[in-house]
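Got the model open? Let's walk through how its helices pack and what sits inside.

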Amino acid sequence: MTPENEDLIRYDPNPSAVSIHNSTAKIKCIVGPVGSGKTSVACWEWYQMCMSSKVPIRGVVIRESYRELQDSTRKTFDEWFGVCTEYREKDEKALFTVTGLDGVTRTHELLFRACRKESDASKFLSTEFAFAWLEEVVP
């Protein structure tokens, strides 16, 4: 995100979101009813990680189907960060360029992946991610 883009995005987290963002826990679970902002909170968790990172990071968003990823999760991500993100349809990933807190501009990757069956999970075994976001997944 460049300084001219920062004015385009305004995030006023609700009190429960603030406690999530301030938590230092390695695993955070965000629950709530439809429309309560769970996906927005996760988007901003990703943003905060990118801002504080000293290196480019790779994250993944996992949801049951690509249709759900496109219609909901990615739509919300684009509403927040589309102005500073290049989306590569072929690779199903967003390249997120932001100037970090240290003043260095880095490009981070956020992959959007579907995982419906237990056997699908094997596609993640040899890939390293700094951030994993599981959206409305079931056992």
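Below are some questions and answers about this predicted model.

This is a predicted model in which local features need pLDDT of at least 70 and side-chain atom pairs count only at pLDDT 80 or more, while totals for chains, interfaces and linings use all residues. Residues are numbered from 1 along each chain as its sequence is written, and side-chain values use heavy atoms, with hydrogens and water left out.

Q: How far apart are the end C-alpha atoms of helix α3?
A: Helices here are DSSP runs of H or I with at least four residues, strands are E runs of at least two, and both are numbered from the N terminus. Helix α3 takes in the 15 residues 38-52. The expected span is 1.5 Å times one less than the number of residues, so α3 should span 21 Å, and the computed distance agrees: 21 Å.

Q: How many of the 15 residues of α3 are buried?
A: Buried means under 20% relative accessible area, exposed over 50%, and partly exposed in between, using a 1.4 Å probe and protein chains only. The buried ones include W44, E45, W46 and Y47. Their cover includes α2 (15-22), α4 (66-81) and β4 (105-114). So α3 is mostly covered, and the count is 12.

Q: Why do the buried residues of α2 line one face of the helix?
A: In α2, the buried residues are A17, I20 and H21. Seen down the helix axis, they fall within an arc, taken from the directions from the axis to the C-beta atoms, and that puts them on one face because the arc is just 95°.

Q: Which exposed residues does α2 carry on the face turned away from its buried side?
A: The buried residues of α2 pack against α3. Looking at the face turned away from them, you'll find P15 and N22.

Q: At what angle do the axes of α2 and α3 cross?
A: Two packed helices are described by the angle between their axes and the distance between the axes. Here the axes are lines fitted to C-alpha atoms over the stretch in contact, with angles from 0 to 180 degrees between N-to-C directions. The axes of α2 and α3 come within 10 Å, and the angle is roughly 35°.

Q: Which residues of α3 make the contact with α2?
A: Contact means heavy atoms within 4.5 Å. On the α2 side, the contact is made by A17, I20 and H21. On the α3 side, the residues are V41, W44, E45 and Q48.

Q: Is E45 buried or exposed?
A: E45 is found in helix α3. Leaving aside neighbours within four places in sequence, E45 is in contact with I20, H21, K28 and F131. Its relative accessibility is 13%, so E45 counts as buried.

Q: Which element gives the largest share of the largest nonpolar core?
A: A nonpolar core is a set of buried Ala, Val, Leu, Ile, Met, Phe, Trp, Tyr and Cys residues joined through side-chain atoms within 4.5 Å. The largest one has 27 residues, and W44 and W46 are among those with the most contacts inside it. The elements giving two or more residues include α2, α4 and β3. The largest share, eight residues, comes from α3.

Q: What is the relative accessible area of E92?
A: E92 sits in the loop between β2 (85-88) and β3. Its phi is near 50°, a positive value in a residue other than glycine. E92 is buried, with a relative accessible area of 17%.
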